[in-house]
Amino acid sequence: MKKIKLFNKNEFYILKTEQNVNSKIEDVWEYFTNIKNLEKIMPKKYNTKVTIGRRRKLYTGKLFNIKMKIFPFVHSNITSEIKAVEKNKYFIDSQIFGPYKIWHHEHHFIVNEDKSIKIVDIVRYKLRRIPFIKILHKFFIKKEIVKTFNHRANKINYIFKNYH
């Protein structure tokens, strides 16, 4: 099961995704808190590389840098900070330098009654004020974000179907 919603509220765009995986919370947590695994779940066309912060586990205040292709022949360096962590429950990262004016991403992990894990992503983002950005968002950016999170959900399902 996966659900994806994207809507606009008070000049922020809000994306919410939910999916369930059959795995132990410890395994799901271990996978998601290893930042270099981001490279494995992102679409290949973005050529995502974690360039700083690959090795150590997550902690509040940790900085990491990602280099990714956002358009053909256009790469972006994104620096984010881990704002909060509660083991086996959630972590929050926030872009401090990158293509968005604001990108705030909450990752929640909920143990269901049947012991499966519900993974909930909540992203609040705001676009930079540049000419034609709302048109670009409507016809390109929004669709790419939804496609990216669909891709991630499919990869996550595959990974945890085959996780040992």
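**Pockets, a cavity and helix 3**

Hi everyone, let's begin with the largest pocket: 38 residues line it, and M42, M68, I78, Y100 and W103 are the ones nearest its centre. Please keep in mind that this is a predicted model. The pocket holds about 860 Å³ of space. Who builds the wall? At least two residues each come from helix 1, helix 2, strand 4 (63–71), strand 5 (74–86), strand 6 (90–97), strand 7 and helix 3. Helix 3 gives the most, with 8 residues. As for chemistry, the lining of this largest pocket splits into 26 nonpolar, 8 polar and 4 charged residues.

Now, let me stay with helix 3 for a moment. Helix 3 runs over residues 133–161, which is 29 residues. From first C-alpha to last it reaches 39 Å, close to the 42 Å expected at 1.5 Å a residue. If you look along helix 3 on the screen, you can find a bend of about 40° at F139.

Which residues of helix 3 are buried? They are I133, H137, I141, E144, I145, T148, F149, R152, A153, I156, I159 and F160. And what covers them? The cover includes strand 1 (2–9) and strand 2 (12–21), helix 1 (25–32) and helix 2 (38–41), and also strand 7 (102–111) and strand 8 (117–126).

On to the closed space. How many cavities of 30 Å³ or more are there? The count comes to 1. About 60 Å³ of space lies in that largest cavity. Its lining is made of K2, T17, E18, Q19, D121, F149, R152, A153 and I156. Helix 3 is back again here: 4 residues, the largest share of the cavity lining, come from it. Strand 2 also supplies at least two residues. F149, R152, A153 and I156, which we just met in the cavity lining, are also on the buried list of helix 3. By class, the cavity lining divides into 3 nonpolar, 2 polar and 4 charged residues.

One last stop, the second largest pocket. Its volume is about 250 Å³. Lining this pocket are N8, E11, Y13, K101, K126, L127, R128, R129, I130, I133 and K134. That gives 4 nonpolar, 1 polar and 6 charged residues. I133, one of the lining residues here, is a buried residue of helix 3 as well.

To wrap up, helix 3 gives 8 residues to the largest pocket and 4 residues to the largest cavity. Thanks for listening, and I'm happy to go back to any of these views!

How values were computed
Residues numbered from 1 in each chain as written. Predicted model: local features only at pLDDT ≥ 70, side-chain atom pairs only at ≥ 80, totals over all residues. Heavy atoms only, no water. Expected span 1.5 Å × (residues − 1). Bend = angle between axes of the 7 residues up to and from the residue. Buried < 20%, exposed > 50% of the residue type's maximum accessible area, 1.4 Å probe, protein only. Contact = heavy atoms within 4.5 Å. 1 Å grid on protein atoms, 1.4 Å probe; cavity = no way out; pocket = protein on both sides within 12 Å on 5 of 7 lines; lining within 4 Å. Points joined across faces, edges and corners; volume = space filled by probe spheres on them. Nonpolar A, V, L, I, M, F, W, Y, C, P; charged D, E, K, R; others polar.
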